[in-house]
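Please open the model in the viewer and keep the selection panel at hand. The tour below proceeds by selections, each followed by a description of what is found there.

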Amino acid sequence: QVQLVESGGGLVQAGGSLRLSCVASGTIFRVNDMGWYRQTPGKQRELVATITSGGSANYADSVKGRFTISRDNAKNTMCLQLNSLKPEHTAVYYCNARVVNILTYRELSYWGQGTQVTVSS
C-alpha cells in the first residue's frame, strides 16, 4: 500500500511562516501529480497548490505570491512554504498524490491524514 504522511503544521502568529512536508512511501512505482489542499469546518476541501512530476506548479489565486510548493522526486517528498500567514489561512492542510502502484501499475489518488495550521491574530 501507499502512505502519505504530512508534518510541519502548528500554531503561528499572523505574519509568520510555516513549512509543511509530505512524504510518500510504500509500494510506489512512480509519483505523478502532487498537491496540497485545505479544509475548514463546515466547508469543502479546496485546492491550495499542485505540482507535476516535472515541477510545474499551479496555485489558488488566494495564495499566489505567498505560498510556494516544491518537491523532491528522488525522495518522494513535497513541501509547501507558507509565508506572511493570516488568520484566514487557518485550516487542516492535506497532502494528495497520484501514485502508480508497483504491484498493479495502476494510478490511484492518495491522501494524507492532514496537518493543522493555526494562525493567531
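**A tour by selection**

Begin at the surface of this predicted model by selecting Phe29, Ile102, Leu103 and Tyr105, which together form a nonpolar surface patch with about 450 Å² of accessible area. Within this group, centre on Leu103, located in the loop between E9 and strand E10 (107-111). Is Leu103 buried or exposed? Leu103 is exposed, because its relative accessible area of 63% lies above the 50% cut-off.

**The nonpolar core**

In soluble globular proteins, nonpolar side chains tend to be buried together. For the next selection, take Trp36, Val48, Phe67, Ile69, Met78, Leu80 and Tyr93: these residues have the most contacts inside the largest nonpolar core, which comprises 31 residues. Colouring by strand then shows where the core comes from: at least two of its residues are supplied by each of E1 (2-7), E3 (18-26), E4 (28-39), E5 (46-51), E7 (67-72), E8 (77-82), E9 (91-101) and E11 (115-120). Strand E9 provides the largest share, five residues.

Now select Val48 and display its surroundings. Beyond its neighbours within four places in sequence, Val48 is in contact with Trp36, Tyr37, Arg38, Asn58, Tyr59, Ala60, Val63, Phe67, Leu80 and Tyr93.

**A buried arginine**

From Val48, move to Arg38, which is placed in strand E4. Arg38 has a relative accessible area of 8% and is therefore buried, the cut-off being under 20%. Which side chains make polar contacts with that of Arg38? The side chain of Glu46 is joined to that of Arg38 by a polar contact of 2.7 Å, and the side chain of Tyr93 makes another with Arg38 at 3.1 Å. Expanding the selection, and again leaving aside neighbours within four places in sequence, the residues in contact with Arg38 include Gln44, Val48, Ser62, Phe67, His89 and Val92.

**Two exposed loop positions**

Select Gly65 next, in the loop between strand E6 (57-59) and E7. Gly65 counts as exposed because its relative accessibility is 87%, over the 50% limit. A distance label drawn from Gly65 to Leu82, 17 residues apart along the chain, should read 9.8 Å between the C-alpha atoms.

Finish at Ala74, in the loop between E7 and E8. With a relative accessibility of 75%, Ala74 is likewise exposed. Ala74 and Ser7 are separated by 67 residues in sequence, and their C-alpha atoms are 19 Å apart in space.

Key
Residues numbered from 1 in each chain as written. Predicted model: local features only at pLDDT ≥ 70, side-chain atom pairs only at ≥ 80, totals over all residues. Heavy atoms only, no water. Core = buried A, V, L, I, M, F, W, Y, C linked by side-chain atoms within 4.5 Å. Buried < 20%, exposed > 50% of the residue type's maximum accessible area, 1.4 Å probe, protein only. Helix = DSSP H or I, 4+ residues; strand = E, 2+ residues; numbered from the N terminus. Contact = heavy atoms within 4.5 Å. Patch = residues over 30% accessible without salt bridge, like charges linked within 9 Å, V, L, I, M, F, W, Y side chains within 5 Å. Areas by Shrake-Rupley, 256 points an atom, 1.4 Å probe, with all protein chains shown as cover. Salt bridge = Lys/Arg side-chain N within 4 Å of Asp/Glu carboxyl O. Polar contact = N/O pair within 3.5 Å; in protein donor to acceptor, adjacent residues only side chain to side chain.
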